[in-house]
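Please read the following exchange with the sequence and the model at hand. It is set out as questions from a reader and replies from an author.

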Amino acid sequence: MSDHTAASGATGSLSATTITLTGHGDDPVEAYVARPEGDATRGGVVVIHHMPGYDRATKEIVRRFAELGYDAICPNLYFREAPGAAPDDAAATARAIGGVPDERLVGDVAAAAAYLRALPTSNGKAGVIGYCSGGRQSVLAACSTELDAAVDCYGAFVTGTVPPGFPLKVTNIVGLLPELGAPLLGLFGSLDTHPGPEQVDELEQLLTKYGKDFEFHRYEGAGHAFFATDRPNYNIAAANDGWERIADFFGRHLGPVGS
């Protein structure tokens, strides 16, 4: 695999802080920001947290992108319902009301991308990545707002049918796929059921039909949440390969440091 990552220009030193972002509807939204040292121009990455919420593991991912050489931000999607709450409690509160509305998610991601593009180090490019529920939301955002690259890490219900009684008010986004405006990287486990292999197949077929720029990688023996180091499904081989592919993909589409 060729090395197009931003890390070639990064020192490894970074800063991280919490800010208040003006999100969808001009609502104040807490967000976690991590940035590399230095004034080299670089792309930005919006991280969409998984269903368990805006937690320590997600903030580690934000810092990892900064270590790779990107400005990175993760908005707390549950902040409106549970400001200041522990991640588990905030996630439970959000689930109880059916999850994050799609329109609000798109607005918050657009606001986060605008924040990154307004930084003095920005090269004007911003990508998005999401895990679990955030994988679907990453594709949704790339179909609904201006982004330069998107990564879907095992997002359920991009395609397929939501089962009866599912706790979140969510639908598939098949009807939006013709609007996908950014290259898409998809990373999936062959043992996952949400999305299962048939949903990934359907997504691949639709993106091919619509002539979209995408690449998918499937990992034998890996299930859902294989990137999550703090969960039982963590799969070292799949996660390590996945991180290499993410770094390569963003390096190609968001540009290396100094570009």
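The turns below go from the overall fold to single residues.

Reader: On what basis are residues numbered, and what kind of model is this?

Author: Residues are numbered from 1 along each chain as its sequence is written, and side-chain values use heavy atoms, with hydrogens and water left out. Local features need pLDDT of at least 70, side-chain atom pairs count only at pLDDT 80 or more, and totals for chains, interfaces and linings use all residues, since this is a predicted model.

Reader: How many helices and strands does the chain have?

Author: Helices (H or I, at least four residues) and strands (E, at least two) are DSSP runs, numbered from the N terminus. From that end the elements run β-β-β-α-β-α-α-β-α-β-β-α-β-α. The chain thus comprises 6 helices and 8 strands.

Reader: What is the radius of gyration of the chain?

Author: The radius is taken over C-alpha atoms, and the globule rule is 2.2 Å times the number of residues to the power 0.38. For 259 residues the rule gives 18 Å, and the chain comes close to this, so it is as compact as a globular protein of that length; its radius of gyration is 17 Å.

Reader: What percentage of the residues count as buried?

Author: Buried means under 20% relative accessible area, exposed over 50%, and partly exposed in between, with a 1.4 Å probe and protein chains only. Of the 259 residues of the chain, the buried part is 54%.

Reader: Which element gives the largest share of the largest nonpolar core?

Author: In soluble globular proteins, nonpolar side chains tend to be buried together. A nonpolar core is a set of buried Ala, Val, Leu, Ile, Met, Phe, Trp, Tyr and Cys residues joined through side-chain atoms within 4.5 Å. The largest one here has 85 residues, of which Phe65, Ile129, Tyr131, Phe227, Ile246 and Phe250 touch the most other members. The largest share of this core, 8 residues, comes from α6.

Reader: Which residues of α6 (236-254) does tyrosine 131 touch?

Author: Contact means heavy atoms within 4.5 Å. Leaving out residues up to four places away in sequence, tyrosine 131 touches Ile48, His49, His50, Ile61, Phe65, Cys153, Tyr154 and Phe227. Its list also holds two residues within the range 236-254 of α6, namely Trp243 and Ile246.

Reader: Is arginine 136 buried or exposed?

Author: Arginine 136 is placed in helix α4, residues 133-144. Beyond its neighbours within four places in sequence, it is in contact with Asp102, Asp152, Gly155, Ala156, Phe157, Val158, Val170, Thr171 and Ile173. With a relative accessible area of 5%, arginine 136 is buried.

Reader: What is the phi of phenylalanine 157?

Author: Phenylalanine 157, one of the contacts of arginine 136, is found in the loop between β6 (149-153) and β7. At 10% relative accessibility it counts as buried. Its phi is positive in a residue other than glycine, near 65 degrees.

Reader: What is the phi of alanine 225?

Author: Alanine 225 sits in the loop between β8 (214-219) and α6. With a relative accessible area of 7%, alanine 225 is buried. Although it is not a glycine, alanine 225 has a positive phi of about 60 degrees.

Reader: Which peptide bond is cis?

Author: The proline concerned, proline 195, lies in the loop between β7 (184-189) and α5 (197-209). With omega near 10 degrees, the cis bond runs from histidine 194 to proline 195.
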